[in-house]
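Trainee: I would be grateful for a close look at the open and enclosed spaces inside this protein. Please go through them in order and in connected prose.

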Amino acid sequence: MCGIVGYVGSEKSLEVLLGGLKRLEYRGYDSAGVAIVDAAGELHTVKRAGKLSVLADELAAHPMANGSTGIGHTRWATHGGPTDRNAHPHLGDDGRLAVIHNGIIENFAPLKDELLAEGFSFTSETDTEVAAVLLGREFRATGSLQEAFRRVVARLEGAFTLLALHQDEPGVVVGARRNSPLVIGLGDGENFLGSDVAAFVEHTRRAVAIGQDQIVTITPNEVKVTDFDGNAVEVEAFEVAWDAAASEKGGWSSFMAKEISEEPDAVANTLRGRVLDGRVVIPELEAFGDDVLAGIDRITIIACGTAAYAGQVGRYAIEKWSRVPVEVELSHEFRYRDPVITPTTLVISISQSGETMDTLMAVKYAREAGARAISVCNTQGATIPRESDAVVYTHAGPEVAVASTKAFVAQITALYLFGLHLARVRGSLSEADQAEYVAELLAIPAKISHVLESSESIAQLAKWMSDSRAVLFLGRHVGYPIALEGALKLKELAYIHAEGFAAGELKHGPIALIEAGQPVFVIVPSPRGSAEMHKKVVSNIQEIRARGARIIAIAEQGDAAVLPFADEVVPIPLAAPMFEPFLAVIPLQIFAMELATAKGLDVDQPRNLAKSVTVE
Ligand code: F6R
């Protein structure tokens, strides 16, 4: 939600800010703005409703003064609609200071009343402007941006990352965070702040993640981090594992198309360094202790959206291989039902961004209740891994398109690795079985490449089906969460009503939806796995076919049993049944992307969405 970038250094703030905002636009794209202090010590602000391109056009038509100190923002609206007035930055101290914000200030109403009673006025409906006006008042009282900022953040409740600058203190940007991300980029004679490293990776790959309730002050040659009381905090720098090119479109029609093409690498890179002689050893879990893992008697996976569907796939494997009961729950539901948590409960959170507020709060809740927490995350320096006992990073590389694709297969990879690691520690799988499953995993990247190479027919199908009004998806066992994911992708990208069902559930109600011509995707389990399950899904196909459904079967190459009943068959390479999700999801992602493209929609930035949901 909202992308934030700050810069101090040479007279190139505008270029740095716009470059950073471009890379952060996936976080929110309903308005954007920048504030810069020029060489004469004067603050200039430009902000516009709409995507970043609207701001860029405005700046091209009416160039603004450049300077060595600046902040920039791309917004996903919470308080106040997406208008020019509500866009950030917001001003205080009679236009001498500017503030940008990510999150929600929950006590903004009483603060606003206090300021109104003192005669201050407001131009927007946002909670952020309250912080800006308050900061102006405190600056007048203290004469110091840092001290004023410290006083302001101490009064705020809720979730926030705030950045501020004042024209009387050029060369200084202050920032603070609570339950919302902020990362420092360390440069040479220049320093950066960003919602994530994408904001500045073009300029530096040395970064520092700011902890909870901390304040940072950057000048061109200094970075100072304190807690909210002003006590100095030691920080540790890390090297960003990818470079700027990884977050560029690089000739692809969309980030999503590029990211789908990267799925073989996302799996291969997540496997790297974690497989040894046919066994899985996840080095990051060594600190956790085998005895602790061996003593775990229940696992709860928490996540949202696509990550939760990855969790549902992972559940089948972890439970089967380790024989530890696994449940999967949406993060926002988990916390409010008073779940049973003991010291032998393991909570595994899954989050591409590592910032999803619902998941972060659920992790904190679980740890406070005594659970151990492992995070499966794709973003270095993110908050959820920092709040967990251990992290298993997915190495999918930066995912820019708002809809998740390559992170999904990387998350399943990490969960399968975890399942095999746990099974080894608990002795629940024979060496031969471990070696067989490891071999299956190692073969997945090449099989995904094969699916990608033969995806032309699914692209054609999407074009033919671009005026569909509703599409259903059916699956069983590990195919069930894939059906749910296929439906989610279609909803969010193509704005088509889509629903996923467990194939066995159909006859308990949803079959009433079937009418002549209704498109239904069916993920058919391999006949080489459970022959009974395969037979049941083929029967399900016949049941809906008899009622007029148009069947698109995603089935293993050579599965002759589905041919007589399917209108289209999308073949996927042979894999052991537990490993089919890696392959079956690819045509569904491509289908949603191509159908949205055929409808002329922006597949990278679907309406109303943001990549990183940092509000509850
Ligand atoms: C769907 C999608 C979302 C995310 C969800 C969790 O394509 O991207 O459903 O999966 O918002 O986000 P993370 O993984 O960042 O916690």
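Trainee: How many cavities of 30 Å³ or more does a search of the whole structure find?

Mentor: The model is predicted, and a search of the whole of it finds 2 cavities of 30 Å³ or more. The principle behind such a search is simple: rolling a probe the size of a water molecule over the atoms shows where empty space is left.

We begin with the largest cavity, whose volume is about 70 Å³. Arg 476, His 477, Val 478 and Gly 479 are among the residues that line it. Ile 523, Pro 525 and Met 533 also belong to this lining, as do Pro 577, Glu 580 and Pro 581. Sorted by class, the lining consists of 6 nonpolar, 2 polar and 2 charged residues.

The second largest cavity has a volume of about 50 Å³. Its lining includes Cys 2, the run Arg 75, Trp 76, Ala 77, Thr 78 and His 79, and also His 88 and His 101. Gly 103, Thr 126, Asp 127 and Thr 128 are lining residues of this second cavity too. Here the division is 3 nonpolar, 7 polar and 2 charged residues. His 88 deserves a further remark, for a cis peptide bond joins this residue to Pro 89, with omega at about 0 degrees. Pro 89 is placed in the loop between strand E4 (67–75) and strand E5 (90–92). As background to that remark, most residues other than glycine have a negative phi, and most peptide bonds are trans.

From the cavities we turn to the largest pocket, which holds about 510 Å³ of space. It is lined by 27 residues, of which Cys 304, Gly 305, Thr 306, Lys 611 and Val 613 are the closest to the pocket's centre. Two or more lining residues come from each of helix H9, strand E19 (345–351), helix H11 (357–368) and helix H16. By class, the pocket lining has 12 nonpolar, 10 polar and 5 charged residues.

This largest pocket is also the space taken by the ligand. Two elements each give two or more residues to the shell around the ligand, namely helix H9 (305–322) and helix H16 (479–494). H9 makes the greatest contribution, with 3 residues. The shell contains 13 residues, and those that come nearest to the ligand are Ser 351, Gln 352, Ser 353, Thr 356 and Glu 492. In terms of class, the shell has 4 nonpolar, 7 polar and 2 charged residues.

Individual polar contacts complete the picture of the ligand. Ser 353 has a side-chain N or O atom 2.7 Å from an oxygen atom of the ligand. Lys 489 also contributes through its side chain, with a polar atom 2.9 Å from a ligand oxygen. Ala 307, by contrast, makes its contact through the backbone, where an N or O atom lies 3.5 Å from an oxygen of the ligand. Taken alone, the ligand exposes 410 Å², and the protein buries 89% of that area.

Definitions and conventions:
Residues numbered from 1 in each chain as written. Predicted model: local features only at pLDDT ≥ 70, side-chain atom pairs only at ≥ 80, totals over all residues. Heavy atoms only, no water. Near = heavy atom within 4 Å. Polar contact = N/O pair within 3.5 Å; in protein donor to acceptor, adjacent residues only side chain to side chain. Areas by Shrake-Rupley, 256 points an atom, 1.4 Å probe, with all protein chains shown as cover. 1 Å grid on protein atoms, 1.4 Å probe; cavity = no way out; pocket = protein on both sides within 12 Å on 5 of 7 lines; lining within 4 Å. Sits in = over half its atoms within 2 Å of the grid points. Helix = DSSP H or I, 4+ residues; strand = E, 2+ residues; numbered from the N terminus. Nonpolar A, V, L, I, M, F, W, Y, C, P; charged D, E, K, R; others polar. Points joined across faces, edges and corners; volume = space filled by probe spheres on them.
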